[in-house]
Each structure stands twice: as structure tokens, then as C-alpha cells.
Amino acid sequence: LAPALLAIAGSWRLARRWTSRPTLAALLLLASPAYFVSATSVMGDIVFLAALVWALELWLVADEREALLASGGGARSAACACLLAAALAKHVGLAAVPLCALATVLRAWEGPAGARPAADATRAARASSLMWLALPLAALGLVETWNAHAYGEPLFLRGMRENRALHATLLEPAWARSFAAL
């Protein structure tokens with residue numbers, strides 16, 4: 001129940017940035033059938049969603065704090081922990097790492113139409129904040145190294161190999177399967 005509530009709260013916080021009705025966005029998430037089914041099961045989808053939305057929200061909070069010359073290190077480290085949790089819940093969580101990097105790069109150049117880009121010092125501070133993204137990647141690399149040692153191969157590569165084998169059998173023409181059976 002806690003990850004489901006965290007996903008709703010994180011979606012509300014994230015929606016506050018882009019809409020005037022964040023409560024509606026959170027309620028739409030809550031009312032969606034896919035969310036409702038996943039939230040009442042033991043699968044990792046809701047844990048992934050909660051970690052993903054909080055990683056994005058905390059990353060953007062850290063960007064805003066650094067733009068105000070305040071320390072964004074606490075929010076940045078919490079965002080990295082959420083990025084790692086999202087990647088551990090589902091490997092597709094790795095896609096949030098370049099998304100956070102893109103958000104930082106775009107915020108470094110944002111401004112009103114026709115305005116000059118952000119000051120060089122601000123751009124340099126935001127560029128250095130991209131180094132934080134190495135932490136969840138390194139931690140995931142350590143987990144995969146341990147998995148390779150414990151299970152003989154990294155689970156990420158094993159999943160890719162098994163997925164490729166499944167697609168090969170599903171996409172193989174029926175006439176080829178009938179000849180293989182002879």
C-alpha cells in the first residue's frame with residue numbers, strides 16, 4: 001500500500017509543475033484500471049512507478065535549488081536513490097537516467113524567448129550535477145556484477161537473451177516449426 005500511496009503523492013507533486021490541476025492528474029492515475037490492478041498485486045510495477053516519479057520530482061527540485069545557489073545535494077542524492085530503486089524494480093527504470101540528464105541540460109539553457117542562456121557559472125554548476133547520475137549506474141553495475149558472480153551471468157543480460165529467444169520462437173513462421181518437428 002505504501003508504494004501505491006507514494007506513486008499518487010509523487011504524481012501529484014510532479015503534476016504541480018505543469019498543470020494548474022494536479023489533484024485531477026493524481027485522481028486520473030488512481031482511477032486508471034492498469035494502476036488499480038497493479039496496486040492491488042504483488043508485482044513491482046507500482047514500486048517502479050513510485051520510484052520513477054519521485055526520482056524525477058527530486059531531480060527537478062535539486063535543479064531549482066542549484067539555480068537559486070542553494071545546496072541541492074540532499075534532493076540530488078535522494079533522486080539518485082530513487083533512480084536506483086526504479087532500475088532495480090524494473091530494468092526500464094534505466095531510461096530515467098538520460099531523462100534526468102536532459103532535464104538538467106535543458107534547464108541550463110532555459111529562459112524567455114529571445115533571452116540569453118543562463119549564466120556560465122549556473123551552466124557549469126548544472127553540468128557538474130550530471131556527475132551524480134554516475135552513482136545509480138555504478139550501483140546497478142555492482143548489483144549486476146554480484147548477480148553474475150552468484151548466478152553465472154548478469155540478470156539484465158540474461159533477460160535480454162531470454163527475450164530474444166522468446167521473440168525468435170514467436171516470430172518464426174508456422175511452416176518452419178512444422179518442418180523442424182519432422
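Q: Which helix is Leu102 found in, and what makes a run of residues a helix here?
A: Leu102 lies in helix H6 (residues 96-109). Helices are DSSP runs of H or I with at least four residues, and strands are E runs of at least two, numbered from the N terminus. This is a predicted model, where local features need pLDDT of at least 70, side-chain atom pairs count only at pLDDT 80 or more, and totals for chains, interfaces and linings use all residues. Residues are numbered from 1 along each chain as its sequence is written, and side-chain values use heavy atoms, with hydrogens and water left out.

Q: Why does Leu102 count as partly exposed?
A: Buried means under 20% relative accessible area and exposed over 50%, with partly exposed in between (1.4 Å probe, protein chains only). Leu102 has 46% relative accessibility, so Leu102 counts as partly exposed.

Q: How much of the protein chain is buried?
A: Buried residues make up 30% of its 182 residues.

Q: What is the pattern of the protein chain along the sequence?
A: Happily, a short one to read: α-α-α-α-α-α-α-α-α-α, with 10 helices and 0 strands.

Q: How do you know which helix the predictor is most confident about?
A: We compare mean pLDDT, the predictor's confidence in each residue from 0 to 100. Among the elements of the protein chain, helix H1 (residues 2-15) has the highest mean, 92, and helix H10 (residues 174-181) the lowest, 60. The protein chain averages 81, and 77% of the residues score at least 70.

Q: What share of the contacts with a separation of 6 or more joins residues 24 or more positions apart?
A: That share is 62% in the protein chain, where contact means heavy atoms within 4.5 Å.
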